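Welcome, and please open the viewer. We will go from stop to stop, selecting a few residues each time and looking at what is there.

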Amino acid sequence: MADIAEGPGGLIVGGGFGRFCNALDANGDATECTGANVEALGVWDGASWSTLGGLEVRNPVGDVEVVGDQVYVATLLGRTPRINGADQPSLQNVLLFDGSTSQWTDLSGGVDLNGTVASLEVLPGEGVYVNT
């Protein structure tokens with residue numbers, strides 16, 4: 001796990017952890033891996049895991065920042081993110097989820113970030129700063 005933040009829908013967890021499962025047997029083996037594919041970014045509502053806005057981030061997440069109902073996510077380049085199973089090649093390193101509209105946008109803006117965003121800092125009224 002790289003980061004955890006309180007946000008729209010519950011606790012938002014970012015990292016690179018494969019797939020969350022909702023139950024373990026006595027040996028610690030996963031028994032229920034149905035539902036949302038949350039390989040690198042998931043929301044825990046207290047009972048189960050889900051994606052945030054339907055987005056499947058398939059590369060490790062380096063950082064998650066929440067400002068109001070907006071969630072900023074720093075990811076590595078690699079496999080294309082998906083929303084509800086459809087590839088989203090326009091979404092790259094720095095992503096923004098707007099909780100009021102449930103929409104994702106890319107904030108990288110064509111900037112060459114060398115495939116890695118390790119962390120970011122959001123300063124309301126100033127901007128988003130990235131560490132590569």
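Begin by selecting strand β1, residues 3-7, where the side chains alternate. Asp-3, Ala-5 and Gly-7 point to one face and are buried, while Ile-4 and Glu-6 point to the other face and are not. In a regular strand the side chains alternate between the two faces of the sheet. Here, buried means under 20% relative accessible area, exposed means over 50%, and partly exposed lies in between, using a 1.4 Å probe and protein chains only. Strands, like helices, are DSSP runs numbered from the N terminus: a strand (E) has at least two residues, a helix (H or I) at least four.

A word on what you have open: this is a predicted model, in which local features need pLDDT of at least 70 and side-chain atom pairs count only at pLDDT 80 or more, while totals for chains, interfaces and linings use all residues. Residues are numbered from 1 along each chain as its sequence is written, and side-chain values use heavy atoms, with hydrogens and water left out.

**Along the first hairpin**

Keep β1 selected and add β2: the two run antiparallel, joined by five bridges. Strands are said to pair if DSSP finds at least two bridges between them. One pair to click on is Ile-4 with its bridge partner in β2, Val-13. The two strands form a hairpin with two residues between them. In that turn, Gly-9 has a positive phi of about 90°.

**On to β5 and β6**

Now follow β2 (residues 10-14) across to strand β5 (residues 41-44), an antiparallel neighbour held by four bridges. Select Leu-11 and you can find its bridge partner in β5, Trp-44. From β5, two bridges lead on to strand β6 (residues 49-50), again antiparallel. Val-43 has Ser-50 as its bridge partner in β6. In the hairpin of β5 and β6 there are four residues between the strands, and Gly-46 takes a positive phi near 100°.

**An open sheet of four strands**

Next, select β8, β9, β12 and β13, which form an open antiparallel sheet in that order. Why is one side of β8 and of β13 left without a neighbour in the sheet? β8 (61-67) and β13 (103-106) stand at the edges, each with a single partner strand, so one side of each has no neighbour there. Neighbouring strands of this sheet are turned by 20° against each other on average, direction ignored. For such angles, axes are lines fitted to C-alpha atoms (for helices over the stretch in contact), and angles run from 0 to 180 degrees between N-to-C directions.

Zoom in on strand β12 (residues 94-98), which pairs with β13 in the antiparallel sense over four bridges. Asp-98 has Gln-103 as its bridge partner in β13.

**Two buried residues**

Still in this sheet, pick Thr-75, which lies in strand β9 (residues 70-75). Is Thr-75 buried or exposed? Thr-75 is buried, with a relative accessible area of 3%. Contact here means heavy atoms within 4.5 Å. Not counting residues up to four places away in sequence, Thr-75 touches several residues, among them Val-57, Pro-60, Leu-95 and Val-117.

Then move to Val-122, in strand β14 (residues 119-123). At 10% relative accessibility, Val-122 counts as buried. Leaving aside neighbours within four places in sequence, its contacts are Glu-65, Val-67, Tyr-72, Gly-127 and Val-128. Try a distance label from Val-122 to Val-71: their C-alpha atoms are separated by 10.0 Å, though the two are 51 residues apart along the chain.

**Out to the surface**

Val-128, just named as a contact of Val-122, is in strand β15 (residues 127-131). Val-128 is partly exposed, at 35% relative accessible area. Select Leu-107 and Val-130 with Val-128 to see a nonpolar patch on the surface.

How many salt bridges does a search of the whole structure find? The search finds one, between the side chains of Arg-82 and Asp-87 at 3.1 Å, N to O. A salt bridge is a side-chain nitrogen of Lys or Arg within 4 Å of a carboxyl oxygen of Asp or Glu. Arg-82 is partly exposed at 27%, and Asp-87 is partly exposed at 46%.

**Zooming out**

Finally, show the whole chain, which has zero helices and 15 strands. Of its 132 residues, 36% count as buried.

Note on methods: Patches are made of residues with over 30% relative accessible area and no salt bridge: like charges are joined within 9 Å, nonpolar side chains (Val, Leu, Ile, Met, Phe, Trp, Tyr) within 5 Å. Accessible areas come from the Shrake-Rupley method with a 1.4 Å probe; for residues, only the protein chains shown count as cover.
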